[in-house]
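The exercises below are meant to be worked with the sequence and the coordinates side by side. Each task is followed by a solution that goes step by step.

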Amino acid sequence: MLKTTFNRFKLQFGIFFMLLILIIIFMILSPSTFLSKRIYISFMSTIPFAAILALGLTLVIISGDMDLSFPSVMAISGFTFSSLFLSTGNALIALIAALMVGMGAGLINGFIVVKIGVPSIIATIGMQFFWRGLTTVICEGMSNSIVAVRETTLHPLFVGRVGSVIPAQALWFLGIAIFLWSLLNRHTFGDSIRFIGDNTQTARIMGINVDYVRILVFVQMGLLTAFSSVLVCFEMANWWPTQGEGYMLLVFASVFIGGTSVFGGRGTIVGTFIGSIIIGIIEAGVISSGYSGFWTRLIYGVIVVASVSVYAIMMKKKAL
Amino acid sequence: MEKLIQMRGIGKKFGEIVALQDVDFELGKKEVVGLLGDNGAGKSTLIKIITGVYPFDGGEMFIRGTKVSPQRYTVQEARKFGIETVYQERSLGERQPLWRNIFIGRHVTNSFGYIKVRKEKEETINILRNLIGLKGAGISPDSFVGMLSGGERQGIAIGRAMYFKSEIIVLDEPTTALSLKEVEKVLTFINMIRENGKSCIYISHNIYHVYSVSDRFVILERGRVVGHYRRSELSLEELSEKLMLHAKSD
């Protein structure tokens, strides 16, 4: 029993093991940093932004699609949030509007991919340019400083320090992960996502509303993207036109380190959860260990290639 | 014997081409009927009329005693009557575990749409053991379909159809591209269909596979029924001769 449980979840165990080893290495190389709790609290405040994107993207990839537009959807949602907050002074209205913009962007992606039939990788590259372009045109290249957002009642709810220690965004990250885990593993919606990514024809024959589910998956990605951008705005009390740039590769790396298959049909939220933590701690770990920041990308590369190679070998041996 | 399907004088044309002409066909309860004939003889057309894919042009059809009109008899309607076609490759998700494949589209859930996983796994074990007799061999509800052989996959699809109360299971060339050992398994599953009180229409052009499991044979040729035999009436050799004869008379 114990052995079969281990076998079923060995991917999750494997990646958790990888995280542990990484932390132990950093503890040895940089004990003063990695043996104190401060670094972990700082991780909890910085990791959730990209990690929430990775959670949403996991569902998109399992459904057999791709979303490359999220960095720009972040920008337009964050712009909506910050501008509306500046003009109305009401963070709640700004938040709701930003989430609507995110969902709208997801809906447009879904429509182009599912109804018009453009492959998702191409459609979302297009939308990535479109949203970035639109945002830059409207904001005329200027940032929005929203210092007053720190005084709002919503601020502590999203990025406050719970018990004056734990960053609230870490709890949001955890909560979203648990919710998406239950959706993917225990809900018929998640079941539909798996079968659509696995074999669309099967899903259709067995009565799944394929178009509806695929569009909804894009919408949830848009929603989570907007949510992440609002968290960033709250945390930084600022919005800038290049918001979201630089997240693209890190987010994909988190998903693939987590063991989600690029071919669709398979993937784990637990894997992405840990994968995004791994990606999130590397930079601080490398620098505090006394190496230059230039090493960070190299190590990302090694970890991504090594982990996906291990998964590929396991797949070949049908061990997964 | 109770008749599940009765067709009288069924005809079907595609434009000028006559696909079926004056076809009589019956299927009884707990009966396996082998539908034989060369390519283009009309086997698939007949099946598609029964499963509601094509409307028929002439004649009449009764399903479980109810007369059906060709205009209103659709795939959904056929399913309501308990008719299900089993496709080998198209109906299973390879990267998903068995229990998800059994319940896809028909999950047991609470009112929020959350799946009762434990219950579904128990039922899957039931289906594996009792409905299709797949025992041991390292197959469990958590096994992935991708790890199963072609014959076993047929078994899962057949078991699923039986579990969801299909009365008539249509198998379209289920043994194509399977090894001898796998064919053996599929034939066992077909016997299980009868043992569970269900009926089966089995299309094949391989009479060696059809002969051992069918109660009756219907031979189609150029859209007409040219032969109709019970297994008790003739040996495999005789059936083989009949088929050759019909093929030569072209």
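**Exercise 1. In this predicted model, determine what covers the buried residues of helix H2 of chain A, and establish how those residues are arranged about the helix axis.**

Solution. Begin with the covering elements: what lies over the buried residues of H2(A) includes helix H3 (31–34), helix H13 (247–257) and helix H14 (269–288) of chain A. Next, identify the residues concerned, which are A:Leu11, A:Ile15 and A:Phe26, buried in H2(A). Seen down the axis of H2(A), the buried residues fall within an arc of 55°, so they line one face of the helix. Then turn to the face directed away from that buried side, which carries the exposed residues A:Phe17, A:Leu20, A:Ile21, A:Ile24 and A:Ile28.

Finally, check the geometry of the helix. H2(A) comprises residues 10–29, and at 1.5 Å a residue its 20 residues should span 28 Å; because the C-alpha atoms at its ends are 28 Å apart, the expectation and the model agree.

**Exercise 2. Describe the surroundings of A:Met27 and of A:Phe16, and give for each a distance to a residue remote in sequence.**

Solution. Take A:Met27 first, which is found in helix H2 of chain A. A residue counts as partly exposed when its number of other C-beta atoms within 10 Å lies between the limits of 12 or fewer for exposed and 20 or more for buried. A:Met27 has 14 such atoms and is therefore partly exposed. Once its neighbours within four places in sequence are left aside, A:Met27 is in contact with A:Phe34 and A:Leu35. As for a remote residue, A:Met27 and A:Gly285 are 258 residues apart in sequence, yet their C-alpha atoms are 8.8 Å apart in space.

Now take A:Phe16, which is likewise found in helix H2 of chain A. With 17 other C-beta atoms within 10 Å, A:Phe16 is partly exposed. The C-alpha atoms of A:Phe16 and A:Ile303 are separated by 14 Å, although the two residues are 287 residues apart along the chain.

**Exercise 3. Work out which strands of chain B pair with strand S8, how strand S7 pairs with strand S6, and whether the faces of S8(B) are covered or open.**

Solution. Start from S8(B), residues 199–203, where five of the five residues are buried. Sorting these residues by side places B:Ser199, B:Ile201 and B:Ile203 on one face and B:Cys200 and B:Tyr202 on the other, so that both faces are covered.

Continue with the pairing. Strand S3 (residues 32–36) of chain B is joined to S8(B) by four bridges and runs parallel to it, with B:Val33 standing opposite B:Ile201. S7(B) is joined to S8(B) by five bridges, again in parallel, and here B:Val170 stands opposite B:Ile201.

Then follow S7(B), residues 168–172, to S6(B), to which four bridges join it in a parallel arrangement; in this pair B:Glu84 stands opposite B:Ile169. S6(B), residues 83–86, is also covered on both faces, with B:Ile83 and B:Thr85 buried on one side and B:Glu84 and B:Val86 buried on the other.

**Exercise 4. Characterise each chain as a whole, and then count the residues through which chain B touches chain A.**

Solution. For chain A, the secondary structure amounts to 15 helices and four strands. A compact globule of 320 residues would have a radius of gyration near 20 Å, and chain A, with 20 Å, agrees with this. Its C-alpha trace spans about 60 × 55 × 35 Å along the principal axes. Of its 320 residues, 48% count as buried. Among contacts in chain A between residues at least 6 apart in sequence, 75% join residues at least 24 apart.

For chain B, there are eight helices and 10 strands. Here a compact globule of 250 residues would have a radius of gyration near 18 Å, and the 19 Å of chain B agrees. The C-alpha atoms fill a box of roughly 55 × 40 × 35 Å along the principal axes of chain B, and 42% of its 250 residues count as buried.

The last step is the interface, at which 18 residues of chain B are in contact with 19 residues of chain A. By class, the side of chain B that touches chain A has six nonpolar, seven polar and five charged residues.

Technical notes:
Residues numbered from 1 in each chain as written. Chains lettered and ligands numbered in written order. Predicted model: local features only at pLDDT ≥ 70, side-chain atom pairs only at ≥ 80, totals over all residues. Contact = placed C-beta atoms within 7 Å. Nonpolar A, V, L, I, M, F, W, Y, C, P; charged D, E, K, R; others polar. Helix = DSSP H or I, 4+ residues; strand = E, 2+ residues; numbered from the N terminus. Pairing = 2+ DSSP bridges. Expected span 1.5 Å × (residues − 1). Arc of directions from axis to C-beta. Rg over C-alpha atoms; globule rule 2.2 N^0.38 Å.
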